[in-house]
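Reader: I would like a close look at one part of this model, the charged side chains that pair up, and then at what surrounds them. Please keep it plain.

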Amino acid sequence: MTEVLPESDPADCQIIVAMDVPTREEALALLDQLEGRSSCVKIGLQLFTRYGPQLVEDVAARGSRIFLDLKLHDIPNTVASAVRSLAHLPIELLTLHGLGGPEMVQAAAVARTEMASSTKILGVTILTSMDQEQLAAVGIDATPGEAASRLAGMALSAGADGIVCSA
């Protein structure tokens, strides 16, 4: 997956390490193994749903910059409420799913601005698990590349700060 880096200081965040492990202990052990070699880490849905906001705060307290990869996808009001609920956390990058549509992306961007948050909102296009057959099964009559390009343009037009898409 290609990941967009923050504009603040790309030299500090050339690599984002995915903490795709099942437990808090393994995630913190991974940070210990990195010994400062990467200041940017991705916390995904698995860890966040198990340990919640406290894990984000614990990881940030160790000096890491946070990419929270939740791929939010719901009605616009619900996603906006989720963005507001996350605004107090030290999150630099937050994902939502482009298939939620332009109103959802715009609602998230507006909520972020209302909360005076500096979190960058990234639109996820097509998941790596979605090939032509899978897209057709959900009614998308396009190649993965075509669908990703269309979703990327829509998300950026609706207020996303960047895009996450499969290579």
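Which kind of contact do the side chains of Arg24 and Asp58 make?

Author: The model is a predicted one. In it, Arg24 and Asp58 meet through their side chains in a salt bridge, with 2.7 Å from N to O. Arg24 belongs to helix H1 (residues 24-34) and Asp58 to helix H2 (residues 45-61), so this pair ties together parts that are 34 residues apart in sequence. The two partners fall into separate exposure classes: Arg24 has a relative accessibility of 27% and counts as partly exposed, while Asp58 has a relative accessible area of 19% and is buried. The limit for buried is under 20%, so Asp58, at 19%, falls within that class.

This pair belongs to a wider set, as the structure holds 8 salt bridges. In general terms, side chains of opposite charge can pair when their charged atoms come close.

Helix H1 takes part in another such link. Asp32 forms a salt bridge with Arg62, and their closest N and O atoms are 2.6 Å apart. Asp32 is in helix H1, whereas Arg62 sits in the loop between H2 and strand S3 (65-72); the two are 30 residues apart, and the pair links distant parts of the chain. Asp32 is partly exposed at 44% relative accessibility, and Arg62 is likewise partly exposed at 44%.

Further along the chain, the side chains of Asp161 and Arg112 meet in a salt bridge of 2.6 Å, N to O. Here again distant parts are linked: Asp161 lies in the loop between helix H6 (144-158) and strand S6 (162-164), Arg112 lies in helix H4 (residues 102-114), and 49 residues separate them. Asp161 is partly exposed, with 33% relative accessibility, but Arg112 is buried, with 11%.

Some salt bridges share partners, and these join Asp20, Lys42, Asp69 and Lys71 into one network. Within that network, Asp69 is placed in strand S3. Asp69 counts as buried, at 3% relative accessibility. The side chain of Asp69 also has a polar contact of 2.7 Å with the side chain of Thr95.

Next come the nonpolar residues. The largest nonpolar core has 46 residues, and of these Met19, Ile43, Val59 and Leu68 touch the most other members. At least two residues of this core come from each of H1, strand S2 (40-44), H2, S3, H3, S4, H4 and H6. H6 gives the most, with 7 residues. Several elements named above for their charged residues thus appear in this list as well, among them H1, H2, S3 and H4.

Last, the enclosed space. There are 2 cavities of 30 Å³ or more, and the largest has a volume of about 40 Å³. The largest cavity is lined by Val83, Leu86, Ala87, Ile91, Leu94, Ser117 and Thr119. Helix H3 (76-86) and strand S4 (91-97) each supply at least two residues of that lining. By class, the lining of the largest cavity holds 5 nonpolar and 2 polar residues, and no charged residues.

Technical notes:
Residues numbered from 1 in each chain as written. Predicted model: local features only at pLDDT ≥ 70, side-chain atom pairs only at ≥ 80, totals over all residues. Heavy atoms only, no water. Salt bridge = Lys/Arg side-chain N within 4 Å of Asp/Glu carboxyl O. Helix = DSSP H or I, 4+ residues; strand = E, 2+ residues; numbered from the N terminus. Buried < 20%, exposed > 50% of the residue type's maximum accessible area, 1.4 Å probe, protein only. 1 Å grid on protein atoms, 1.4 Å probe; cavity = no way out; pocket = protein on both sides within 12 Å on 5 of 7 lines; lining within 4 Å. Points joined across faces, edges and corners; volume = space filled by probe spheres on them. Nonpolar A, V, L, I, M, F, W, Y, C, P; charged D, E, K, R; others polar. Polar contact = N/O pair within 3.5 Å; in protein donor to acceptor, adjacent residues only side chain to side chain. Core = buried A, V, L, I, M, F, W, Y, C linked by side-chain atoms within 4.5 Å.
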